[in-house]
Amino acid sequence: MSYSIGQVAKLMNISTFTLRYYDNSGLFPFIKRNESGKRIFEESDLEFLGVIYCLKQTGMTIPQIKEFIEMTHRGSDSFEDRYNMFVSRREAIDEQIQKLLTYRECIDFKCDYYSKAIKANSEEELIENQDKFPLYKIIELNQKEDQK
């Protein structure tokens, strides 16, 4: 089955502007065009677009994604490079997840704090008796970033 750029945009919840930008950036070297020059996406193109979308959502830049696409053109000679790229991306995502979990813990702390404040209609008792905001966790995250 073939898809127009508008159909792909709707299906993937990506603007047609973004899809054109990706194509103009060299991320769609495989996209065919009809006789009037309009892009035609095949099923296999959508799968590849899914990978591109995933990589973009995890923080990869257009040049990095383009490098991946260039690797695919080298065939089996680039399997190890592609594998290493995805391992590196997974490690970066794991770091992001750990940061977000720490931030979530801080948000949970404040939710708990204000939930109790609402019930007591006061912060006075909470300030005296509640644990302190887990600032040390934020400091640890920042120190790990500085060590990189």
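Asn13 is a good place to start: with a relative accessible area of 69%, this residue is exposed. Please keep in mind that the model is predicted. Asn13 sits in the loop between α1 (5-12) and α2 (16-24), and its phi is near 55 degrees, a positive value in a residue other than glycine. That is worth a look, because most residues other than glycine have a negative phi.

Asn121 tells a similar story. This residue is found in the loop between α5 and α6 (124-129), and its phi, too, is near 55 degrees, again positive although the residue is not glycine. At 71% relative accessibility, Asn121 counts as exposed.

**Two buried residues**

From the loops, we can turn to a strand. Arg39 lies in strand β3, which covers residues 39-42. Is this arginine buried or exposed? Its relative accessible area is 14%, under the 20% limit, so Arg39 is buried. Its side chain is joined to that of Asp23 by a polar contact of 2.6 Å. Beyond the neighbours within four places in sequence, Arg39 is in contact with Tyr3, Ser4, Ile5, Arg20, Asp23, Asn24, Ile31, Lys32 and Arg33.

Thr102 offers a helical counterpart. This threonine belongs to helix α5, residues 79-120, and is buried, with a relative accessible area of 14%. Residues up to four places away in sequence aside, Thr102 touches Lys137 and Leu141.

**Where α3 meets α4**

Helix α3 (residues 43-57) and helix α4 (residues 62-73) pack at an angle of about 145 degrees, and their axes are 10 Å apart. The crossing of these helices is right-handed. Which residues make the contact? On the α3 side they are Phe48, Val51, Ile52, Leu55 and Lys56, while α4 brings Ile62, Ile65, Phe68, Ile69 and Thr72. Sorted by character, the residues of this contact divide into eight nonpolar, one polar and one charged.

**Aromatic pairs**

The structure holds seven aromatic pairs. Ring pairs link Tyr22, Phe28, Phe30, Phe41, Phe48, Phe68 and Phe86 into a cluster. Phe48 and Phe68, members of this cluster, also take part in the contact of α3 with α4.

One of the pairs is formed by Phe28 and Phe30, with 5.9 Å centre to centre and 55 degrees between the planes, a tilted arrangement. Another is made by Phe68 and Phe86: their ring centres are 5.4 Å apart and their planes stand at 90 degrees, so this pair is edge-to-face. Phe68 lies in helix α4 and Phe86 in helix α5, so the pair ties together parts that are 18 residues apart in sequence.

How do the rings of these two pairs stand in terms of accessibility? The table lists the values.

| Residue | Relative accessible area | Class |
|---|---|---|
| Phe28 | 2% | buried |
| Phe30 | 25% | partly exposed |
| Phe68 | 6% | buried |
| Phe86 | 35% | partly exposed |

In the tilted pair, then, Phe28 is buried and Phe30 is partly exposed. In the edge-to-face pair, Phe68 is buried, whereas Phe86 is partly exposed.

Definitions and conventions: Residues are numbered from 1 along each chain as its sequence is written. This is a predicted model: local features need pLDDT of at least 70, side-chain atom pairs count only at pLDDT 80 or more; totals for chains, interfaces and linings use all residues. Side-chain values use heavy atoms; hydrogens and water are left out. Helices (H or I, at least four residues) and strands (E, at least two) are DSSP runs, numbered from the N terminus. Buried means under 20% relative accessible area, exposed over 50%, partly exposed in between (1.4 Å probe, protein chains only). Contact means heavy atoms within 4.5 Å. A polar contact is a pair of N or O atoms within 3.5 Å; within protein, one must be able to donate a hydrogen and the other to accept it, and residues adjacent in sequence count only if both atoms are side-chain atoms. Axes are lines fitted to C-alpha atoms, for helices over the stretch in contact, and angles run from 0 to 180 degrees between N-to-C directions. A crossing is left-handed if the near helix is turned anticlockwise from the far one by less than a right angle, and right-handed if clockwise. Ala, Val, Leu, Ile, Met, Phe, Trp, Tyr, Cys and Pro count as nonpolar, Asp, Glu, Lys and Arg as charged, and the others, Gly among them, as polar. Rings of Phe, Tyr and Trp (its six-membered ring) pair if their centres lie within 6.5 Å; planes under 30 degrees apart count as stacked, over 60 as edge-to-face and the rest as tilted.
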